[in-house]
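Open the model in a viewer and keep the sequence panel visible. The stops below say what to select and what is found there.

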Amino acid sequence: MTEEFIQSRQNPRVKNLIKLQERSARKKLGLFVAEGLRELSRCIEKIGAEEIYFCPEFFKSPEHSKFIENIRQQKQIPLCRLSEGAFEKISNRQGCDGLIGIAKQWDCSLANIKLPTEKAPLILIVDSIEKSGNLGALIRTADSLGADAVIVTNAVCDIFNPSVIRASQGGVFSSQIAVASVDECVSWLKEHNIKTFGAHLKATKNLWDADFSEPTAIVMGSEKDGLGDDWNNILDELVIIPMSDGLSDSMNVNVAAAICLYEVRRSRCK
């Protein structure tokens, strides 16, 4: 398999790669970027890749060279070397490590979520999350704490945003993720008899007093405003995370989600 070496920052392929930093281009082309050894390795392991661009001058460890050599020997994914200047132009990171892959987006429909039958499902629903770093971190948290799926409603961030991929540390590739409207999500939850719990500052029930033994969905709201009325009016229960009397009356949405998911796991292990 012939490898091209692109040196010019003005090369058409370089310009096309830059476009993938934009949501509209990603949607139009049905592609996204996975940058970095960890993220790209997990991408290839789970869904594959269309092509890989690399710049040895930026490699951070011998593992980066081994990665490229393995890809080269397998002869399944096209490789293209870039000059330092060209790679810097397409990179979305400071201190890049010289590896970028292009992969196909997948269908994020609720119909594709497969729920476990041997245990009560646990779903994380995130609504109106504005920051790509937070959305990626929430996916990573859900993956690490055993949530069976993540559902994004009132989607502000694109899950294929490079910053989401990075913040999830590859969790997007091992998690079941769906993007849906609130109405679609609620219908799906009712179809599968999943009870919804919303984290809310005005709730009267403590998180640790809730019963999570049945199929459960934890619903988290936006960083700024929390849950909107479209969710507040239909949730089965509101719960609050007990806090001390500090200056802050709330916490980062990812921290709150982690506490809630961990409490579900803890309560189910009794």
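Select Cys43, which counts as buried at 1% relative accessibility. The model is a predicted one, and a search of the whole of it finds 0 disulfides. Cys43 is accordingly in no disulfide, and its nearest cysteine sulfur, that of Cys108, is 13 Å away. Go next to Cys260, also outside any disulfide; here the nearest cysteine sulfur belongs to Cys185, 16 Å away. Cys260 is buried, with a relative accessible area of 0%.

Now show the helix that carries Cys185. This is α9, residues 182-191, whose buried residues are Val182, Cys185, Val186, Trp188 and Leu189. Why do they lie on the same side of α9? They cover an arc of only 160 degrees around the axis, which puts them on one and the same side of the helix. Turn to the face away from that buried side to find the exposed residues Asp183, Lys190 and Glu191.

To see what the buried residues of α9 pack against, select the strands β6 (122-127), β7 (149-153), β8 (177-180), β9 (195-199) and β11 (216-220), together with α10 (229-232). Just past the helix, pick Asn193, which follows α9 and has a positive phi, near 55 degrees.

Colour the nonpolar cores next. The largest has 51 residues, and those with the most contacts inside it are Leu124, Leu135 and Ile218. Helix α11, residues 253-268, gives the most to this core, with 6 residues. A second, separate core has 19 residues, including Ile113, Ile125, Trp188 and Trp231.

Centre on Leu135. Which residues is Leu135 in contact with, leaving aside its neighbours within four places in sequence? They are Val126, Ile129, Val152, Cys157, Ile159 and Val164.

Last, move to the open sheet of 5 strands, ordered β1-β4-β3-β5-β2, with mixed pairing. Its edge strands are β1 (4-6) and β2 (31-35), each of which pairs on one side only. From one strand to the next the twist averages 25 degrees.

Zoom in on β1 and β4 (residues 79-82), which pair in the parallel sense over 3 bridges. Select Glu4 to find its bridge partner in β4, Cys80. Then add helix α4, residues 62-74, which lies across β3 (51-54), β4 and β5 (99-104). Helix α4 runs at about 145 degrees to β3.

Definitions and conventions:
Residues numbered from 1 in each chain as written. Predicted model: local features only at pLDDT ≥ 70, side-chain atom pairs only at ≥ 80, totals over all residues. Heavy atoms only, no water. Buried < 20%, exposed > 50% of the residue type's maximum accessible area, 1.4 Å probe, protein only. Helix = DSSP H or I, 4+ residues; strand = E, 2+ residues; numbered from the N terminus. Arc of directions from axis to C-beta. Contact = heavy atoms within 4.5 Å. Core = buried A, V, L, I, M, F, W, Y, C linked by side-chain atoms within 4.5 Å. Disulfide = S-S within 2.5 Å. Pairing = 2+ DSSP bridges. Axes fitted to C-alpha atoms, helices over the stretch in contact; angles between N-to-C directions.
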